[in-house]
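Here are my notes on the model you sent over. I've kept them as numbered points, so you can check each one against the structure as you go.

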Amino acid sequence: MTGDGHGPGVLPAAGEFAVDARDGRVGRVTGRSGPNVRLRPPGGGPEWECPPDAVRPASPGVVLRARVTEINREGQLPR
């Protein structure tokens, strides 16, 4: 992986967006569970676990879409 700020074998840090290469889902890294990486979908929802070899850093376009999803979700919450 070049040009994305992450070398081979380097996992995105907690708080960064990543892609589950098994099915293409995008999530924000929330931590680790044993060897697995925990991800939460943008805007909320249940976390899921992903093996570290299937976690890919999200491209800038994917990150932008995920952030928009989160912002839209925040705007819909009751005050």
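1. Let me start in the sheet: which residue in E4 does Arg38 stand opposite? Scroll to Glu49, as that is the residue of E4 facing Arg38. E3 (residues 36–40) and E4 (residues 48–50) run antiparallel and are joined by three bridges. On the E2 side, Arg38 is the bridge partner of Gly31. Do keep in mind that this is a predicted model.

2. Now the overall layout. The chain has one helix and five strands, and the order along the sequence reads β-β-β-β-β-α. Of its 79 residues, 28% count as buried. Among contacts with a separation of 6 or more, 39% are between residues 24 or more positions apart. The accessible surface comes to about 4,900 Å², and carbon and sulfur atoms hold 55% of that.

3. On to the first hairpin. E1 (17–20) and E2 (26–33) run antiparallel with three bridges between them. One pair to look at is Ala18 with its bridge partner in E2, Gly27. Five residues sit between the two strands, and Gly24 in the turn has a positive phi of about 85°.

4. The E2–E3 hairpin has two residues between its strands, and there Gly34 takes a positive phi near 65°. Five bridges join this antiparallel pair. Ser33 has Asn36 of E3 as its bridge partner.

5. E3 shows a neat alternation. Val37 and Leu39 point to one face and are buried, while Asn36, Arg38 and Arg40 point to the other face and are not. For the two arginines I'd put it as follows: Arg38 has a relative accessible area of 25%, so it counts as partly exposed, and Arg40 at 32% is partly exposed too.

6. Those two arginines both lead to Glu47. Arg38 makes a salt bridge with Glu47, with the closest N and O atoms 3.2 Å apart. Glu47 also forms a salt bridge with Arg40, where the closest N and O atoms are 3.1 Å apart. Glu47 itself is partly exposed, with a relative accessible area of 32%. Elsewhere, salt bridges that share partners tie Asp20, Arg22, Asp23 and Arg25 into one network. The structure holds six salt bridges.

7. How far apart are the end C-alpha atoms of helix H1? They are 25 Å apart, and this agrees with the 24 Å that its 17 residues (60–76) should span at 1.5 Å a residue. Val62, Val63, Ala66 and Glu70 are the buried residues of H1. Seen down the helix axis, the buried residues fall within an arc of 100°, so they line one face. Exposed on the other side are Pro60, Leu64, Arg65, Ile71, Gly75 and Gln76.

8. What do the buried residues of H1 pack against? Their partners are strands E1 and E2, the antiparallel pair from point 3. So if you colour the model by burial, I'd put the face of H1 lined by buried residues in view together with those two strands.

9. Glu70 deserves a point of its own. Is it buried or exposed? Glu70 is buried, because its relative accessible area of 18% falls under the 20% cut-off. Leaving out residues up to four places away in sequence, Glu70 touches Phe17, Arg28, Pro42 and Gly43.

10. One of those contacts is also a salt bridge: the closest N and O atoms of Arg28 and Glu70 are 2.8 Å apart. This pair links distant parts of the chain, as Arg28 is in strand E2 and Glu70 is in helix H1, 42 residues apart. The two partners differ in burial: Arg28, at 26% relative accessibility, counts as partly exposed, whereas Glu70 is buried.

Methods
Residues are numbered from 1 along each chain as its sequence is written. This is a predicted model: local features need pLDDT of at least 70, side-chain atom pairs count only at pLDDT 80 or more; totals for chains, interfaces and linings use all residues. Side-chain values use heavy atoms; hydrogens and water are left out. Helices (H or I, at least four residues) and strands (E, at least two) are DSSP runs, numbered from the N terminus. The expected span of a helix is 1.5 Å times one less than its number of residues. Buried means under 20% relative accessible area, exposed over 50%, partly exposed in between (1.4 Å probe, protein chains only). The arc is that of the directions from the helix axis to the C-beta atoms. Contact means heavy atoms within 4.5 Å. Two strands pair if DSSP finds at least two bridges between them. A salt bridge is a side-chain nitrogen of Lys or Arg within 4 Å of a carboxyl oxygen of Asp or Glu. Accessible areas come from the Shrake-Rupley method with a 1.4 Å probe; for residues, only the protein chains shown count as cover.
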